[in-house]
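Colleague: Could you take me through the helix packing in this one, and then the aromatic side chains? I'd like a close look rather than a tour.

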Amino acid sequence: MSAAVPSRVPWPPILLVATVAAGWIAQSCLPVAWPMGLNPAALSAGIPLIVLALAIIGWAGLEMNRANTTILPNAAATTLVATGPFHFSRNPIYVADCLVLIGLALVLQKPWIGLLVPAFIGLVTWLAISPEEHHLELTFGQAYRDYKLCTRRWL
């Protein structure tokens with residue numbers, strides 16, 4: 001793989017939509033019921049999770065914009081961003097994607113969407129994060145290796 005771009009395919013948004021769709025279909029074919037009485041609480045918990053996730057994505061986008069680099073997962077990074085949410089996680093947008101999935105599972109009352117979050121994590125790590133890390137190491141060298149030492153991949 002070349003250092004020019006991490007991937008030719010924007011896997012994260014594709015995987016996000018595919019996880020919601022697979023969860024929806026699985027819930028239709030193999031229904032999983034919420035524990036009794038969880039429905040109102042699920043809605044009350046799901047909306048704040050989605051709002052938090054959108055705030056993290058917005059904050060990460062602002063930081064990337066300030067650094068004049070792209071938010072697109074299949075485009076070349078021009079600057080190593082280690083500020084804002086990137087100070088806490090090397091992949092805050094993917095963390096936020098997981099929060100969106102959990103929030104949607106709660107709001108839509110489709111437990112399968114939440115149950116598929118580990119599959120989303122595995123696939124996004126394999127198809128997006130690993131190629132991005134390779135790209136960033138080739139592009140930024142020791143600066144990226146130092147960043148990896150002090151900032152976790154997820155949380």
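Modeller: Sure. For the helix angles here, axes are lines fitted to C-alpha atoms over the stretch in contact, and angles run from 0 to 180 degrees between N-to-C directions. Keep in mind that this is a predicted model.

Let's start with helix α2 (residues 39–66) and helix α3 (residues 92–108): their axes come within 8 Å and cross at roughly 160°. Angles over 145 degrees count as roughly antiparallel, so α2 is roughly antiparallel to α3. As for handedness, α2 passes α3 in a left-handed crossing. The contact of α2 with α3 is made up of 21 nonpolar residues, two polar ones and one charged one.

Now the aromatics. Searching the whole structure turns up one aromatic pair. That pair is Tyr144 with Tyr147, with 6.2 Å from centre to centre and 50° between the planes, which makes it tilted. Both tyrosines belong to helix α6 (residues 142–150), and because they are three residues apart there, about one helical turn separates them. How buried or exposed are they? Buried means under 20% relative accessible area, so Tyr144, at 2% relative accessibility, counts as buried. Tyr147 has 7% relative accessibility and therefore counts as buried too.

There's one more ring to look at while you're zoomed in, and this time the partner is a charge. Lys110 places its charged end over the ring of Trp24, 4.4 Å from the ring's centre.

Terms used
Residues numbered from 1 in each chain as written. Predicted model: local features only at pLDDT ≥ 70, side-chain atom pairs only at ≥ 80, totals over all residues. Heavy atoms only, no water. Helix = DSSP H or I, 4+ residues; strand = E, 2+ residues; numbered from the N terminus. Parallel < 35°, antiparallel > 145°, perpendicular 65-115°, else oblique. Left-handed = near helix turned anticlockwise from the far one by under 90°. Nonpolar A, V, L, I, M, F, W, Y, C, P; charged D, E, K, R; others polar. Phe/Tyr/Trp six-rings, centres within 6.5 Å; stacked < 30°, edge-to-face > 60°. Buried < 20%, exposed > 50% of the residue type's maximum accessible area, 1.4 Å probe, protein only. Lys NZ or Arg CZ within 6 Å of the ring centre and 35° of its normal.
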